[in-house]
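Hi,

Here's the structure I said I'd pass along. Have a look at it first, and my notes come right after.

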Amino acid sequence: MTAGPPQPAAGPAGGVTDTLRALIVRPGALTRARLDGRRAPYVAVEWLLLAFAAIYLGLVFVQTRGPSGPPPDVASLCASSDGQGSGLAGLAGPAGGDLQASAGTARLLDLAGRALCDPAPFTRAFAFAIPVAFLLLIPLFAWLMQRAFRAQMPDFHGNWIFALESHAALFALLTALALESFAGSVLLGVLCSVAGVFYLSWNLVAGVRTAYGVTTRAAKWKTTLVGVGYAVCLVVAVGAIAWAMLARTLA
């Protein structure tokens, strides 16, 4: 009995399809294959992350371009203060005069007034600060995972590959949610966002189980610890990046 002809290697399209399928429904498989030396037929996770991050940032640019007006209930206040919201202290009621005595409080009221009367720069700054912070914190995430799973994966390289894969999945989800937002349905947006949170939690835990070879229980409590530290740093990073982007506006 003769052997059949050799099967051709998967082409570029097949490689992308296999990679996306692994990323979405078999989290951790890309990391495990990379560490085991089985790169084919997958696309490198670095390119996958860059592609989804670029698409998402492009969608954010489209969503946040152009001006945006103040809420109807404060439009008259903005009009009377030349669009700067300098009369916002009046909304504080009888205590407004006392609040103005504090320079710090006056500064906060001024910033709040600007955000209400011209929210576009603030919305744009935070919309871009969040994905940029995710990208900048990838090394931190890899280091936290190395600390949490040093018995299973002591070297930084393996944790770095998993960090790239998990963030590629994150940006894939963000891209899907951004595309969904163009439908303009608030209810659908809320449902998709809630489903996205559950999916991302499952993706991370399942990815850790596959990539690190640990139990579900260990994957859950260790990723929770990593998530707490990561979230704190994320909030600080988003605030710092947004503030830097708004520096010229707030001057």
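Below is what turned up, going from the overall fold to the core, one helix pair and the salt bridges.

Before anything else, keep in mind that this is a predicted model.

**Overall**

The chain has twelve helices and zero strands, so reading along the sequence just gives α-α-α-α-α-α-α-α-α-α-α-α. Of its 251 residues, 37% are buried. If you take contacts between residues at least 6 apart in sequence, 73% of them join residues at least 24 apart.

**The core and helix H8**

The largest nonpolar core has 52 residues, and the members that touch the most others are Leu23, Met145, Phe171, Val208 and Tyr212. H1, H2, H3, H7, H8, H9, H10 and H11 each put in at least two residues. The top contributor is H9, with eleven residues.

H8 is worth a closer look. This helix covers residues 138–148, and its buried residues are Ile138, Phe141, Ala142, Leu144, Met145 and Gln146. What lies over them? The cover includes H3 (45–64), H7 (120–136), H9 (156–181), H10 (186–212) and H11 (216–245).

Met145 shows up in both places: it is buried in H8, and it is among the best-connected core members. Leaving out residues up to four places away in sequence, Met145 touches Asn159, Phe162, Val208, Tyr212 and Val226. Two of those names, Val208 and Tyr212, are also in the list of core members with the most contacts to other members.

**H3 against H7**

The axes of these two helices come within 10 Å and cross at roughly 175 degrees. An angle over 145 degrees counts as roughly antiparallel, so that is how H3 runs relative to H7. On the H3 side the contact is made by Leu49, Ala53, Tyr56, Leu57, Val60, Phe61 and Thr64, and on the H7 side by Arg124, Ala127, Phe128, Pro131 and Leu135. Sorted by type, the contact residues come out as ten nonpolar, one polar and one charged.

**Salt bridges**

How many salt bridges does the structure hold? There are four. As a reminder, side chains of opposite charge can pair when their charged atoms come close.

- Arg21 and Asp18 pair at 3.0 Å, N to O. They sit three residues apart in H1 (residues 12–25), so about one helical turn separates them. Both count as partly exposed, Arg21 at 44% relative accessibility and Asp18 at 22%.
- Arg34 and Glu46 pair at 2.8 Å, N to O. This pair links distant parts of the chain, with Arg34 in H2 (residues 29–35) and Glu46 in H3, twelve residues apart. Is Arg34 buried or exposed? At 17% relative accessibility, Arg34 counts as buried, because the cut-off for buried is under 20%. Glu46, at 27%, counts as partly exposed.
- Asp36 and Arg38 pair at 3.5 Å, N to O. Asp36 is partly exposed, with a relative accessible area of 42%, and Arg38 is partly exposed too, at 44%. Salt bridges with shared partners tie Arg32, Asp36 and Arg38 into one network.

If you only have time for a quick look, I'd open Met145 and its contacts to Asn159, Phe162, Val208, Tyr212 and Val226, then the Arg34 and Glu46 pair between H2 and H3.

Cheers

Methods
Residues are numbered from 1 along each chain as its sequence is written. This is a predicted model: local features need pLDDT of at least 70, side-chain atom pairs count only at pLDDT 80 or more; totals for chains, interfaces and linings use all residues. Side-chain values use heavy atoms; hydrogens and water are left out. Buried means under 20% relative accessible area, exposed over 50%, partly exposed in between (1.4 Å probe, protein chains only). Helices (H or I, at least four residues) and strands (E, at least two) are DSSP runs, numbered from the N terminus. Contact means heavy atoms within 4.5 Å. A salt bridge is a side-chain nitrogen of Lys or Arg within 4 Å of a carboxyl oxygen of Asp or Glu. Axes are lines fitted to C-alpha atoms, for helices over the stretch in contact, and angles run from 0 to 180 degrees between N-to-C directions. Angles under 35 degrees count as roughly parallel, over 145 as roughly antiparallel, 65 to 115 as roughly perpendicular and the rest as oblique. Ala, Val, Leu, Ile, Met, Phe, Trp, Tyr, Cys and Pro count as nonpolar, Asp, Glu, Lys and Arg as charged, and the others, Gly among them, as polar. A nonpolar core is a set of buried Ala, Val, Leu, Ile, Met, Phe, Trp, Tyr and Cys residues joined through side-chain atoms within 4.5 Å.
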